[in-house]
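Dear colleague,

Please find below the sequence and the structure that I am handing over to you. My account of what was found follows directly after them.

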Amino acid sequence: MDDMGIIPKKTRKKPNLGGWLVQIVKRMGDGSMELMELDRKSSRWSKVVDEIVKLEKKIFPKHESLARSFDDELKKKNSGLLYLQIDGEIAGYVMYTSPSSLCSVITKLAVKEKYRRQGHGETLMKAAIEKCRSKRINRISLHVDPLRSSAVNLYKKLGFQIDTLVRAYYSSDRDAYRMFIDFDNE
Ligand SMILES: CC(C)(COP(=O)(O)OP(=O)(O)OC[C@H]1O[C@@H](n2cnc3c(N)ncnc32)[C@H](O)[C@@H]1OP(=O)(O)O)[C@@H](O)C(=O)NCCC(=O)NCCS
């Protein structure tokens with residue numbers, strides 16, 4: 001099985017997706033931009049992971065980077081990775097995992113510098129939230145360095161609240177906000 005194009009090309013059948021994803025499908029109707037889900041059995045696995053690890057090394061300092069453990073993280077059960085491809089280039093990615101049937105965790109989000117401030121981070125987050133919600137979890141949580149104001153703003157815009165400040169989360173002198181959003185599955 002190959003990667004599943006969550007945002008299908010014009011020729012593919014429109015999938016039955018939640019509200020946010022439907023909006024994203026509409027925005028990406030020209031086919032030059034695709035939101036993909038990395039599939040473990042995909043022949044493109046190595047190529048995509050290599051490209052993302054390169055981005056990860058460029059964007060994040062060592063203490064925040066998953067570059068060395070990316071492959072292993074992704075092989076874990078209940079983890080997933082969505083990536084945005086623009087004209088064949090990976091423009092951004094979001095990674096998530098569901099450690100229990102009640103909650104999911106966003107473990108990584110990044111957009112390549114030249115593609116920032118064009119709504120792609122928001123698109124990726126909304127798609128990841130939809131994926132997590134499809135498992136009927138009650139809570140999505142994440143950690144973010146408070147100095148990453150762009151990311152903190154994005155999470156707040158999507159409804160995440162700050163739970164607490166976790167001292168020395170990334171390293172002895174780098175704290176993290178733990179943020180969460182709750183869902184009512186009634
Ligand atoms: C955080 C990040 C993913 C945002 O991606 P993006 O594609 O630029 O974000 P969007 O264009 O979708 O912006 C969505 C919202 O995020 C916030 N935001 C994004 N960039 C911002 C900036 N430079 N300043 C303030 N707010 C910002 C805003 O609330 C924005 O909504 P608005 O456009 O209505 O103001 C991107 O800046 C990034 O990759 N940063 C480095 C890695 C990182 O910090 N990752 C998150 C921690 S794990």
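**Strands and their pairing**

Strands E4 and E5 pair in the antiparallel sense, with six bridges between them. Please bear in mind throughout that this is a predicted model. One bridge links Tyr93 to its partner Ala110 in E5. The two strands form a hairpin, and five residues lie between them.

E4 (89-97) also pairs with strand E3 (residues 79-86), again in the antiparallel sense, over eight bridges. Within this pairing, Leu81 stands opposite Met95 in E4. The hairpin of E3 and E4 has two residues between the strands, and Asp87 takes a positive phi near 45 degrees there.

A further group of strands involves E8 (residues 174-182), which runs antiparallel to E6 (residues 139-144) and is joined to E6 by six bridges. Ile140 has Ile181 in E8 as its bridge partner. Strand E7 (residues 161-171) is likewise joined to E8 by six bridges, and these two strands run antiparallel. Ser171 stands opposite Arg174 in E8, and E7 and E8 form a hairpin with two residues between them.

**The nonpolar core and helix H4**

In soluble globular proteins, nonpolar side chains tend to be buried together. Here, the largest nonpolar core has 34 residues, and those with the most contacts inside it are Leu82, Tyr83, Tyr93, Val94, Leu124 and Ala128. Helix H4 gives the most to this core, namely six residues. Val94 may serve as an illustration: beyond its neighbours within four places in sequence, Val94 is in contact with Leu82, Ile106, Lys108, Leu109, Leu124, Met125 and Ala128.

How far should the 14 residues of H4 span at 1.5 Å a residue? The expected value is 20 Å, and the end C-alpha atoms of H4 are 20 Å apart, which agrees. Ten of these 14 residues are buried, so H4 is largely enclosed by the rest of the structure. Among the buried residues of H4 are Gly121, Leu124, Met125, Ala128 and Ile129, and also Lys126 and Lys131.

**The surroundings of the ligand**

Which residues are the closest to the ligand? Of the 20 residues that surround the ligand, the closest are Arg116, Gly121, Glu122, Ser150 and Leu154. Strand E5 (103-111), helix H4 (120-133) and helix H5 (149-157) each supply at least two residues of this shell. The largest share, six residues, comes from H5. By type, the shell divides into seven nonpolar, seven polar and six charged residues.

**Two exposed residues**

Is Leu102 buried or exposed? Leu102 is found in the loop between E4 and E5, and it counts as exposed because it has 12 C-beta neighbours inside 10 Å, where exposed means 12 or fewer. Leaving aside its neighbours within four places in sequence, Leu102 is in contact with Ile137, Asn138 and Arg139. Leu102 and Ile140 are 38 residues apart in sequence, while their C-alpha atoms are 8.9 Å apart in space.

Lys75 is found in helix H3 (residues 70-75). Lys75 is exposed as well, because 10 other C-beta atoms lie within 10 Å. Its C-alpha atom is separated by 7.2 Å from that of Arg40, and the two residues are 35 residues apart along the chain.

Yours sincerely

Note on methods
Residues are numbered from 1 along each chain as its sequence is written. This is a predicted model: local features need pLDDT of at least 70, side-chain atom pairs count only at pLDDT 80 or more; totals for chains, interfaces and linings use all residues. A residue is near a molecule or strand if its C-beta atom, placed from the backbone, lies within 6 Å of it. Helices (H or I, at least four residues) and strands (E, at least two) are DSSP runs, numbered from the N terminus. Ala, Val, Leu, Ile, Met, Phe, Trp, Tyr, Cys and Pro count as nonpolar, Asp, Glu, Lys and Arg as charged, and the others, Gly among them, as polar. A residue is buried if 20 or more other C-beta atoms lie within 10 Å of its own, exposed if 12 or fewer, and partly exposed in between; C-beta atoms are placed from the backbone. The expected span of a helix is 1.5 Å times one less than its number of residues. Two residues are in contact if their C-beta atoms, placed from the backbone, lie within 7 Å. A nonpolar core is a set of buried Ala, Val, Leu, Ile, Met, Phe, Trp, Tyr and Cys residues joined through C-beta atoms within 7 Å. Two strands pair if DSSP finds at least two bridges between them.
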